[in-house]
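Biologist: I would like a close look at a single part of this structure, explained slowly enough for a first-year student. Could you choose one helix and walk me through its surroundings?

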Amino acid sequence: MKRNVLIVEDDPTMRVVIKRTLLESSIDVGEVYEAENGKEGLEMLAKYPVDLMLVDIYMPVMDGLEMLDYAADNPEFRDIPAVVVSTENDENRIDAILRRGMGFVHKEFTTTLLEEQIKKKINED
């Protein structure tokens with residue numbers, strides 16, 4: 001089943017790296033949508049069918065956690081799996097992300113690591 005993916009990341013180079021890594025993985029990717037911040041990410045969620053979100057935390061305008069909080073509170077978006085892709089080093093914050101049922105991948109990541117986290121979230125182990 002093809003999965004439409006939303007990448008929410010303010011760094012254009014990192015968006016390219018994430019997209020390329022995603023497309024090189026064994027995951028059956030459909031459309032890939034991109035947003036530069038959480039506000040744009042929410043606009044993309046409302047506009048396009050998204051099956052998976054890959055979201056950075058630290059972004060201008062609206063950070064990734066704010067966006068994910070909004071999505072979690074919205075019945076239309078709450079069931080979309082999310083993997084946080086971030087430089088976050090605070091173990092308590094990472095733990096909180098994992099407890100909320102999201103995946104976490106630390107930047108600099110490998111294709112294998114990102115793919116493993118995505119498959120856990122979309123139940124394709």
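Modeller: What follows is a close look at helix α5 and at the residues around it. This is a predicted model, in which local features need pLDDT of at least 70 and side-chain atom pairs count only at pLDDT 80 or more, while totals for chains, interfaces and linings use all residues. Residues are numbered from 1 along each chain as its sequence is written, and side-chain values use heavy atoms, with hydrogens and water left out.

Helix α5 covers residues 111-121, where helices (H or I, at least four residues) and strands (E, at least two) are DSSP runs numbered from the N terminus. Within this helix, L114, E115, Q117, I118 and K119 are buried, a word that means under 20% relative accessible area, with exposed meaning over 50% and partly exposed lying in between (1.4 Å probe, protein chains only). An α-helix has 3.6 residues a turn, so residues three or four places apart point the same way. The buried residues of α5 pack against α1 (12-24), β3, β4 and β5 (103-106), and contact here means heavy atoms within 4.5 Å.

One of these buried residues, L114, also belongs to a separate core of 17 residues, which includes V5, I27 and L54 as well. A nonpolar core is a set of buried Ala, Val, Leu, Ile, Met, Phe, Trp, Tyr and Cys residues joined through side-chain atoms within 4.5 Å.

Another buried residue of the helix, E115, is touched by S25, which also touches T111 when residues up to four places away in sequence are not counted. S25 lies in the loop between α1 and β2, and it counts as buried because its relative accessibility is 11%. The side chain of S25 also reaches the backbone oxygen of L22 at 2.6 Å, which fits a polar contact, defined as a pair of N or O atoms within 3.5 Å; within protein, one must be able to donate a hydrogen and the other to accept it, and residues adjacent in sequence count only if both atoms are side-chain atoms.

K121 lies in helix α5 too, but it counts as partly exposed because its relative accessibility is 24%. Leaving aside its neighbours within four places in sequence, K121 is in contact with P81, A82, V83, G101, M102 and G103. K121 and I80 are 41 residues apart in sequence, and their C-alpha atoms are 9.2 Å apart in space. After α5 comes N123, whose phi is positive, near 55°.
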